[in-house]
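I opened my notebook to look around a new structure, one small question at a time. Here is what I looked up, in the order I went.

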Amino acid sequence: MDSRYLSKTPQKTLTSGARDMFSYHLKNVALVVLSATIAHAQAEQEVSYGIGRPVANSEIAAWDKDVRPDGRGLPAGSGTVAMGEQLYGEKCVACHGASGIGGPFDQLAGRIAEDAFPFATDPSSVKTIGNYWPYATTLFDYINRAMPYDAPGSLNTQQVYGLVAYLLHLNKIVPADATLSQDNLAKIIMPAQHRFVPDARRGGAEVR
Amino acid sequence: MSKKIALPKSSRRKFLAGLTATASLAGSIRSLAEAPAYPTRAPGKSPTELGGKSTHESLARIPAFNIVSLTPLEQLHGTITPSDLHFERHHGGIPNIDPASHELVIHGMVERPLKFNLAELKRLPSVTRTCFIECSGNLNTRAGEKSSPQMLCGLTSQSEWTGVALGTLLREVGVKPGASWFLAEGSDAPLMTRSIPLTKAWEDALIVYAQNGEAIRPEQGYPMRLLLPGWEGNTNIKWLRRLEISDAPFMTREETSKYTDPLKDDTARMFSVVMDARSIITSPTYPMTLEKGWHEIRGLAWSGRGKIKAVEVSSNGGRSWETANLQGPILPKAHTRFNLPWKWDGAAAELRSRAIDETGYVQPTSKQLVGARGTGNQLYHLNSIMSWIVQDNGEVIYKPEYLG
């Protein structure tokens, strides 16, 4: 990962010590004192308002389903290419076509010879999982949260792993007998991963 | 005319091409009002609980392909988009959310994970600011010459937003050292997610609950949305339910396989979230027909990097430029109205506008933009100068330029 994506310090935050000092809650402070500090709080924002309620870990877990490129967030489970192929035929083929090609919505399968990346030069190039998606973990995250379009959130963990395995197999990234799980999905390096670069535009006269 | 090019099969392409087919929708709406011949000779209507538009007006968005609706830019004045005409883009429909059961959870690299409901957000110090939101895919590159600004680039709108500074909420939860990004998640069917650098959170990000003085419209994220002034529309997560503070981006689908920009050096730019400066003429444009004599060339200019410094207008296809008037107040990261009186002499003319922002960026020509980025599969951040031909019969048409 480019260092640009790591360890940026918030511009207007304070040192961690200072942050600890000002972020305590004022729950037990007399209201009259709080009123007196409102003007100061708005000007400096160095006072906690004590607004917001604690969240139980179980509440967080119910929503925190995101999966990151390093594999954090992948749930325990596994799925096979064969399982995914069957499910694809039931749930996905109407929108994405047989074998990930030819449907009314996004084409999912296809590699370009020598894994070229002609998307800014060849108008006929079509972005697919195999030639454009930089991370396999994104596939799990997206299917898990958003697919199928008419019934998002309806697939179980095993089914999502299976679909990811099948789609990666369609793109010649994993073999037909592959089983994907929380242990090996994040280790897959997608063909286009090295193509992705941070935004180099910085304002000013230059058109980039 | 737009060139005929063999295109890959893609829903996006079909959406862009199909806009032409829906072009006549707004124009076909007719006033249903029967106005009395002498409105001064009888009392008018009594007061009502909720006002409405004049029955003689027929403003409408153009919905297309179940994923967008476009703002009628050429029919609006000033800089505020009426809330019911704000453009829409959603990826799984508009959720119907009861604010009584909606909560915003902030967790991850924080000292105290907290949840906030709408009433609690409204107790916190409020911030109001006016800024644009523009979809980064806001150019119909397949449009023909009979295209209005609404059809070409109606995915930009401006509102006065009110809410809480995200920094205020982050101080409540206490961001841990080492945190640098956060994930924003919506409560819509696809649980829309984007990764945002924390620097933006501290700079000017808001969690907003009001739009133009009332609750946010459902299409715009009711009951609360993330507002990132100057950043591409998709990052302004609507129906916001969760913020997860982290030490790296999450690489969601919308920031990898979508909303990234292929470049000529065989790479793709990601997190290209700031909207470069752009201007559009809103009048005269298709489908207007001009009479000889004085008109006002009007339009909007904006930059995601700050204030508009100047807008220049050409009536001869870019051979010479005049500085337009800017209507104040000129706000940063906001639609700014420009105008320039213009006398049409009856000869064919080509109208253009170009914006210059306070960083010195000059809105590029399509040739410059293609030179910098290539063509091919470009969908996002196509902000080049647009041209309108005033034909010698007075009819105004769009001059399409192939961009990607």
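**Entry 1: where the chains meet**

Which strand of chain B is joined to strand 1 of chain A, and by how many bridges? I kept in mind that this is a predicted model. I found that strand 1 of chain A (residues 53-54) runs antiparallel to strand 5 of chain B (residues 114-116), with 2 bridges between them. I could put a finger on one pair there, as Pro54(A) stands opposite Leu114(B).

Then I looked at the whole contact between the chains. I noted 65 residues from chain A and 78 residues from chain B. On the side of chain B that touches chain A, I listed 34 nonpolar, 25 polar and 19 charged residues.

**Entry 2: strand 8 of chain B**

Is strand 8 of chain B enclosed or open? I checked residues 181-186, and 6 of the 6 are buried, so this strand is largely enclosed by the rest of the structure. I also looked at the two faces of strand 8 of chain B separately. Trp181(B), Leu183(B) and Glu185(B) lie on one side, Phe182(B), Ala184(B) and Gly186(B) lie on the other, and all are buried.

Next I looked for the partners of strand 8 of chain B. Strand 9 of chain B (residues 193-197) pairs with strand 8 in the antiparallel sense over 5 bridges, and Glu185(B) stands opposite Thr193(B). These two strands form a hairpin with 6 residues between them. In the turn I spotted Leu191(B), which has a positive phi of about 45°. Strand 13 of chain B (residues 240-246) also runs antiparallel to strand 8 of chain B, joined by 6 bridges. Here Gly186(B) stands opposite Leu240(B).

**Entry 3: a tryptophan in a loop**

I moved on to Trp239(B), in the loop between strand 12 (225-227) and strand 13 of chain B. Is Trp239(B) buried or exposed? I found 25 other C-beta atoms within 10 Å, so Trp239(B) is buried. Leaving out residues up to four places away in sequence, Trp239(B) touches several residues, among them Pro95(B), Ile97(B), Gly186(B) and Arg225(B).

**Entry 4: the largest nonpolar core**

Which residues touch the most other members of the largest nonpolar core? I counted 134 residues in this core, and the answer is Leu139(A), Val164(A), Leu167(A), Phe182(B), Leu206(B) and Ile207(B). The largest share, 9 residues, comes from helix 8 of chain A (residues 157-170). In soluble globular proteins, nonpolar side chains tend to be buried together.

I followed helix 8 of chain A to a neighbour. Helix 4 of chain A (residues 81-91) packs against helix 8 of chain A at an angle of about 95°, with the axes 7 Å apart. That angle makes the two helices of chain A roughly perpendicular. Helix 4 of chain A brings residues including Val81(A), Leu87(A) and Tyr88(A), and helix 8 of chain A brings residues including Gly162(A), Leu163(A) and His169(A). By class, this contact has 7 nonpolar, 4 polar and 1 charged residues.

**Entry 5: an open sheet in chain B**

I traced an open sheet of 4 strands in chain B, in the order 16-17-21-20, with antiparallel pairing. Why is one side of strand 16 and of strand 20 left without a neighbour in the sheet? Both stand at the edges, each with a single partner strand, so one side of each has no neighbour there. Strand 16 and strand 17 (residues 293-302) of chain B pair over 5 bridges, and Ile280(B) stands opposite Leu300(B).

**Entry 6: unusual backbone spots**

Most residues other than glycine have a negative phi, and most peptide bonds are trans. I went looking for exceptions. The bond from Tyr286(B) to Pro287(B) is cis, with omega near 10°, and Pro287(B) lies in the loop between strand 16 and strand 17 of chain B. Another cis bond joins Gly328(B) and Pro329(B), with omega about -5°. I found Pro329(B) in the loop between strand 20 and strand 21 of chain B.

For positive phi, I noted Asn66(B), near 65°. Asn66(B) has 9 other C-beta atoms within 10 Å, so this residue is exposed. Asp266(B) also has a phi near 65°, but with 14 C-beta neighbours inside 10 Å, Asp266(B) counts as partly exposed.

Terms used: Residues are numbered from 1 along each chain as its sequence is written. Chains are lettered from A and ligands numbered from 1 in the order in which they are written. This is a predicted model: local features need pLDDT of at least 70, side-chain atom pairs count only at pLDDT 80 or more; totals for chains, interfaces and linings use all residues. Two residues are in contact if their C-beta atoms, placed from the backbone, lie within 7 Å. Ala, Val, Leu, Ile, Met, Phe, Trp, Tyr, Cys and Pro count as nonpolar, Asp, Glu, Lys and Arg as charged, and the others, Gly among them, as polar. Two strands pair if DSSP finds at least two bridges between them. A residue is buried if 20 or more other C-beta atoms lie within 10 Å of its own, exposed if 12 or fewer, and partly exposed in between; C-beta atoms are placed from the backbone. A nonpolar core is a set of buried Ala, Val, Leu, Ile, Met, Phe, Trp, Tyr and Cys residues joined through C-beta atoms within 7 Å. Axes are lines fitted to C-alpha atoms, for helices over the stretch in contact, and angles run from 0 to 180 degrees between N-to-C directions. Angles under 35 degrees count as roughly parallel, over 145 as roughly antiparallel, 65 to 115 as roughly perpendicular and the rest as oblique.
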